[in-house]
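I opened this structure to practise reading a fold. My notes follow, in the order I took them.

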Amino acid sequence: KLNPYINRDNSPFYPVEKTKDWEPALDDQGRPFPRRAGISSFGFGGANVHVVLEEYIEPPTVSAARPTGPCLVVLSAKTADRLRANAERLLAHLVAGPDADTLADVAYTLQVGRDPMSERMGLVVNSMQDLIERLQRFVQGDVEGAGVRQASVRRKADIGTIAADVIAQHLRERDLAPRLDIWLKGQEPDWKALYTGYAMRRCALPTYAFARERYWFSINPEA
């Protein structure tokens, strides 16, 4: 039963009384607003959480041009087990629809759209099929055959200062090995410098593969 003191006239808010399609509200010119939702969680002990979610609308002027040549694909996780699980999820996604995104967009998303964690892996690939085949070898345990480089980062290494002319040469030649070295040592390379002149886009890729561990308790009726 709605509160009679809440005035919803001429507002985009409405109560969700049943499962339905989420239609966006329209402005005065009939253009849709981004869909937004407020989610509240009220704990029995008094802890309250409120999160506001907004849908992502891709900019209409994204260039179709993408860098050519090999791409550096990186993955990381908290543990080695979760790293392999992340690779499995990425592999399943690419096998299900390998033509949905370009290899450059996949590499770019994993570089700039994920938080780097302690267990890291990287591989330089020349095509989407190359990435799929090498991920298959990796998840099957053939790390050497997959050509994957791995590292466990516990603290940032002192890699020194790289001269500007060396960096410029790497960019011109798209030499990805030095950037992989930097990332495996715990540093954060300038990924976006690889895409100067391109309007890159982040694509929808699988999120972190959390460990499915149950923390439950049973009540002993005799206790």
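**Notebook: one proline, then the sheet**

I began with Pro-189 and found it in the segment after α6 (177–184). I kept in mind that the model is predicted.

Next I asked whether Pro-189 is buried or exposed. I read a relative accessible area of 7% for Pro-189. The cut-off for buried is under 20%, so Pro-189 counts as buried.

Which residues does Pro-189 touch, leaving out those up to four places away in sequence? I listed Arg-179, Ile-182 and Trp-183.

I also checked Pro-189 against Pro-178. They are 11 residues apart in sequence. In space, I noted 9.4 Å from C-alpha to C-alpha.

Then I turned to the sheet. I traced three strands in the order β3-β4-β5. The sheet is open, and its pairing is antiparallel. Why does one side of β3 and of β5 lack a neighbour in the sheet? I saw that β3 (71–77) and β5 (149–152) stand at the edges, so each has a single partner strand. From one strand to the next, the twist averages 15 degrees.

I looked closer at one pair. Strand β4 covers residues 119–125, and four bridges join it to β5. These two strands run antiparallel. I picked out Arg-120, which stands opposite Ala-151 in β5.

Last, I looked up which helices lie across these strands. Helix α1 (residues 80–96) lies across β3, β4 and β5. I noted about 135 degrees between α1 and β3. Helix α2 (residues 103–112) lies across β3 and β4. For α2, the angle to β3 is about 35 degrees.

Terms used
Residues numbered from 1 in each chain as written. Predicted model: local features only at pLDDT ≥ 70, side-chain atom pairs only at ≥ 80, totals over all residues. Heavy atoms only, no water. Pairing = 2+ DSSP bridges. Axes fitted to C-alpha atoms, helices over the stretch in contact; angles between N-to-C directions. Contact = heavy atoms within 4.5 Å. Buried < 20%, exposed > 50% of the residue type's maximum accessible area, 1.4 Å probe, protein only.
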